[in-house]
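Me: I would like a close look at one part of this model, namely the place where the ligand is held. Please describe the surroundings of the ligand with care, and give the cut-offs behind each term.

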Amino acid sequence: MVSDDCLFCRIVRGEIPADVVAEGESWLAFRDIQPQAPVHVLVIPRRHVESVDSLAPEDADLSGDLLLAAAEVARVEGIAESGYRAVTNVGERAGQSVFHLHVHVLGGRRMRWPPG
Ligand code: AMP
């Protein structure tokens, strides 16, 4: 399922341009428009899923695809060795602003923990 007015569904459909760095059958990876690190890529499912909280048991394969994709992106972007963060915000209070599931892949600098 795709959503007509969802920003990331529109990127999947090619209606809004994105700097795509890698893609797979079930996912797409593109650069974040407001990067928070030297490498900041978003991995999204092609199918509309609102967040991790909306995943169903039958989405187990898709969930795995997204994590494997994050690792692939890190390798392609040259940050696999130096370390990176793969994070997904769930809900507005956690910082989610686009309600189409996405994994942020961040790296290329030292990452602080815990986040604010
Ligand atoms: P979140 O706040 O976790 O929902 O993350 C949404 C991310 O999407 C933010 O880091 C935004 O900078 C990013 N973003 C918003 N619009 C676009 C766009 N058109 N292309 C790429 N990244 C975007």
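Reply: What follows describes the ligand site and then two residues in loops.

This is a predicted model, in which local features need pLDDT of at least 70 and side-chain atom pairs count only at pLDDT 80 or more, while totals for chains, interfaces and linings use all residues. Residues are numbered from 1 along each chain as its sequence is written, and side-chain values use heavy atoms, with hydrogens and water left out.

The ligand sits in the largest pocket. A pocket here is an open set of points on a 1 Å grid over the protein atoms alone, where a 1.4 Å probe fits and protein lies on both sides within 12 Å along at least five of seven lines; a molecule sits in it if more than half of its atoms lie within 2 Å of its grid points. The elements that give two or more residues to the shell around the ligand are α1 (7-12) and β2 (27-31), and the largest share, three residues, comes from α1. Helices (H or I, at least four residues) and strands (E, at least two) are DSSP runs, numbered from the N terminus.

In total, 16 residues surround the ligand, and the closest are Asp32, Asn89, Gly95, Ser97 and His104; a residue is counted if one of its heavy atoms lies within 4 Å of the ligand. Oxygen atoms of the ligand are approached by a polar side-chain atom of aspartate 32 at 2.5 Å, by a backbone N or O atom of serine 97 at 2.6 Å, and by a backbone N or O atom of valine 98 at 3.0 Å. The protein covers 85% of the 500 Å² of accessible area that the ligand has on its own, as given by the Shrake-Rupley method with a 1.4 Å probe.

Turning to the loops, histidine 102 is found between β4 (84-87) and β5 (103-107), and it counts as buried because its relative accessibility is 5%, where buried means under 20% (1.4 Å probe, protein chains only). The side chain of histidine 102 reaches the backbone oxygen of histidine 100 at 2.6 Å. Leaving aside neighbours within four places in sequence, histidine 102 is in contact (heavy atoms within 4.5 Å) with residues including Phe8, Val87 and Gln96.

Serine 51, in the loop between β3 (39-45) and α2 (60-76), touches Val90, Gln96 and Leu101, not counting residues up to four places away in sequence. A polar atom of the serine 51 side chain lies 3.0 Å from the backbone nitrogen of aspartate 53.

Note on methods
Buried means under 20% relative accessible area, exposed over 50%, partly exposed in between (1.4 Å probe, protein chains only). A polar contact is a pair of N or O atoms within 3.5 Å; within protein, one must be able to donate a hydrogen and the other to accept it, and residues adjacent in sequence count only if both atoms are side-chain atoms. On a 1 Å grid over the protein atoms alone, a cavity is a set of points where a 1.4 Å probe fits but cannot get out, and a pocket is an open set with protein on both sides within 12 Å along at least five of seven lines; lining residues have an atom within 4 Å of a point.
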